[in-house]
Amino acid sequence: MAMEDDDRPRKQISHDIGQDLSVLSVEELTDRIALLKGEIARLEEAATKKRASRDAANSVFKS
């Protein structure tokens with residue numbers, strides 16, 4: 001019994017920095033761009049939160 005494409009779990013997208021891009025389709029490249037943009041946003045948000053925490057701690061301990 002053949003499975004429909006929609007029934008199969010999708011392979012999770014991942015990207016290795018420096019990997020050969022010539023083997024990827026335009027769709028795969030577009031998916032990876034979206035993945036990396038999302039990761040950049042997540043990293044920027046984490047950095048902003050850590051910066052705010054650090055600044056709050058500095059203001060408490062400033063003499």
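## Overall picture

A residue counts as buried when its relative accessible area is under 20%, and as exposed when that value is over 50%; anything in between is called partly exposed. With that in mind, welcome to this predicted model. Of the 63 residues in the protein, 3% are buried. The protein exposes about 6,200 Å², and 55% of this area comes from carbon and sulfur atoms.

The secondary structure is quick to learn: there is 1 helix, and there are 0 strands. Helix H1 covers residues 26-61, and isoleucine 13 sits in the segment before it.

## Salt bridges

The model holds 3 salt bridges. Let us begin with arginine 42 and glutamate 39, whose closest N and O atoms are 2.8 Å apart. These two residues are 3 positions apart in helix H1, so about one helical turn separates them. Arginine 42 has a relative accessible area of 53% and is therefore exposed, while glutamate 39, at 31%, is partly exposed.

Another salt bridge joins the side chains of lysine 49 and glutamate 45, with an N to O distance of 3.3 Å. Here the partners are 4 residues apart in helix H1, which again means a separation of about one helical turn. Lysine 49 is exposed because its relative accessible area is 53%; glutamate 45, at 46%, counts as partly exposed.

Aspartate 55 and arginine 54 also form a salt bridge, and their closest N and O atoms lie 3.7 Å apart. Aspartate 55 is partly exposed, with 41% relative accessibility. Arginine 54 is partly exposed too, at 48%.

## The largest pocket

Now for the empty space: the largest pocket has a volume of about 340 Å³. Its lining includes Arg10, Lys11, Gln12, Ile13 and Ser14. Glu27, Glu28, Asp31 and Arg32 belong to the lining as well.

Sorted by class, the lining residues of this pocket are 6 charged, 2 polar and 1 nonpolar. Ile counts as nonpolar, so the nonpolar member of the lining is Ile13.

## A nonpolar patch

Ile13 turns up again on the surface, where it forms a nonpolar patch with Leu35 and Leu36. Together, the three residues have about 200 Å² of accessible area. Residues in a patch need over 30% relative accessible area. Isoleucine 13 has 37% relative accessibility, so it counts as partly exposed.

Isoleucine 13 is thus a handy residue to find in the structure: it lines the largest pocket and belongs to the nonpolar patch.

How values were computed
Residues are numbered from 1 along each chain as its sequence is written. This is a predicted model: local features need pLDDT of at least 70, side-chain atom pairs count only at pLDDT 80 or more; totals for chains, interfaces and linings use all residues. Side-chain values use heavy atoms; hydrogens and water are left out. On a 1 Å grid over the protein atoms alone, a cavity is a set of points where a 1.4 Å probe fits but cannot get out, and a pocket is an open set with protein on both sides within 12 Å along at least five of seven lines; lining residues have an atom within 4 Å of a point. Grid points are joined across faces, edges and corners, and a volume is the space filled by probe spheres set on the points. Patches are made of residues with over 30% relative accessible area and no salt bridge: like charges are joined within 9 Å, nonpolar side chains (Val, Leu, Ile, Met, Phe, Trp, Tyr) within 5 Å. Accessible areas come from the Shrake-Rupley method with a 1.4 Å probe; for residues, only the protein chains shown count as cover. A salt bridge is a side-chain nitrogen of Lys or Arg within 4 Å of a carboxyl oxygen of Asp or Glu. Buried means under 20% relative accessible area, exposed over 50%, partly exposed in between (1.4 Å probe, protein chains only).
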